[in-house]
Amino acid sequence: TDRISTFDCVHPNGIPGKGACLTRMSVAWDELLCRSASLLRTHLITADVAQFPAALQPHATMLEGRAMLVRKLQMVPLECVVRGYLFGSAYDEYQRTGAVCGVALQPGLRLAERLPRPIFTPATKAQAGHDENISAATAVERGLVTQSVIKQLEVMSMVLYLEGAKYARACGILLPDTKFEFGYDGDGAVVLADEVLTPDSSRFWRLEDWRPATSPPSLDKQFVRDYVTGIGWDKSPPAPLLPDHVVAETSRRYEEISQMLFT
């Protein structure tokens, strides 16, 4: 759909075209990345509405370009975040502790600095309140996943991130960080689910705009986060109404990143 949330709260008005943009990008990434890597399996069956079940055909016009037929999974209760650059909440934590989610980093790194190597920093999927950044070890200690599964999630997330970042850079785009979600299929195999490398789940910067120690303009949901933070919203429900200029500019940025990557 076109609805948008920030800080786990859904805003009362949406972003026109957003749902179609995210669907289009997820399908494109899925075909580009997952189907070419034998260790990665995806929940996606098809995005062709003509192949959807007969009961959905009367709604084909509404679903066209905005829906995917997928395999049902038991979702892993983690967001699998990969960070290649130091930004956002990771930079705030690094300034306080010198580490991000239990991963120690070298001193002296600046805002938006490219990390020596990407790091895997999972987060909980909170049922209430905000998600919590945790270490891989903490995820195992809390019983959210087993040791073998967390290692599998890390490997799969890194493969997706590195391949996605390589492709994006060739298009003039940097991928500072992103999050993936996975689930277990009927055989217990770990399968990629949900959206993939979209402006709702990822951060995108133009390569030409990037400079360490600066905050590059974003082509993602950060634009909305910056607005609601700037007006002093306390990040508690209800989320504020987004003004027309924020809606229009967000829609433009989402479409721009989609066009830059897949035209």
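**Exercise 1. Two helices that cross**

At roughly what angle do the axes of helix 1 and helix 5 cross, and within what distance do they come? Work out how the two helices are arranged, keeping in mind that this is a predicted model.

*Solution.*
- Step 1: Find the two elements. Helix 1 covers residues 18–33, and helix 5 covers residues 147–170.
- Step 2: Look at the axes. They come within 11 Å and cross at roughly 105°.
- Step 3: Put the angle in its class. Angles of 65 to 115 degrees count as roughly perpendicular, so helix 1 and helix 5 are roughly perpendicular to each other.
- Step 4: Find the residues that meet. Helix 1 brings Trp29, Leu32 and Leu33, while helix 5 brings Leu160, Glu163, Gly164 and Tyr167.
- Step 5: Sort this contact by class. It has five nonpolar, one polar and one charged residues.

**Exercise 2. The second largest pocket**

Which elements each supply at least two residues of the lining of the second largest pocket, and which gives the most?

*Solution.*
- Step 1: Start with the space itself. The second largest pocket holds about 290 Å³.
- Step 2: Turn to its lining of 13 residues. Val103, Ala104, Arg117, Pro118 and Ile119 lie nearest the centre.
- Step 3: Match the lining to elements. Strand 8 (103–104), strand 9 (114–120) and helix 5 each supply at least two residues.
- Step 4: Pick the main contributor. Strand 9 gives the most, with five residues.
- Step 5: Check the classes. Ten lining residues are nonpolar, one is polar and two are charged.

**Exercise 3. Unusual backbone spots**

Here is a useful starting point: most residues other than glycine have a negative phi, and most peptide bonds are trans. Where do alanine 112 and lysine 235 lie, and is each buried or partly exposed?

*Solution.*
- Step 1: Take alanine 112. Its phi is positive, about 70°, although this residue is not a glycine.
- Step 2: Place alanine 112 in the loop between strand 8 and strand 9. Its relative accessibility is 0%, and therefore alanine 112 counts as buried.
- Step 3: Take lysine 235. This residue is not a glycine either, yet has a positive phi of about 70°.
- Step 4: Place lysine 235 in the loop between helix 6 and helix 7. At 33% relative accessibility, lysine 235 counts as partly exposed.

Which two prolines does a cis peptide bond join?

*Solution.*
- Step 1: The bond links proline 237 and proline 238, with omega about 0°.
- Step 2: Proline 238 sits in the loop between helix 6 (222–230) and helix 7 (244–262).

Key:
Residues are numbered from 1 along each chain as its sequence is written. This is a predicted model: local features need pLDDT of at least 70, side-chain atom pairs count only at pLDDT 80 or more; totals for chains, interfaces and linings use all residues. Side-chain values use heavy atoms; hydrogens and water are left out. On a 1 Å grid over the protein atoms alone, a cavity is a set of points where a 1.4 Å probe fits but cannot get out, and a pocket is an open set with protein on both sides within 12 Å along at least five of seven lines; lining residues have an atom within 4 Å of a point. Grid points are joined across faces, edges and corners, and a volume is the space filled by probe spheres set on the points. Helices (H or I, at least four residues) and strands (E, at least two) are DSSP runs, numbered from the N terminus. Ala, Val, Leu, Ile, Met, Phe, Trp, Tyr, Cys and Pro count as nonpolar, Asp, Glu, Lys and Arg as charged, and the others, Gly among them, as polar. Buried means under 20% relative accessible area, exposed over 50%, partly exposed in between (1.4 Å probe, protein chains only). Axes are lines fitted to C-alpha atoms, for helices over the stretch in contact, and angles run from 0 to 180 degrees between N-to-C directions. Angles under 35 degrees count as roughly parallel, over 145 as roughly antiparallel, 65 to 115 as roughly perpendicular and the rest as oblique. Contact means heavy atoms within 4.5 Å.
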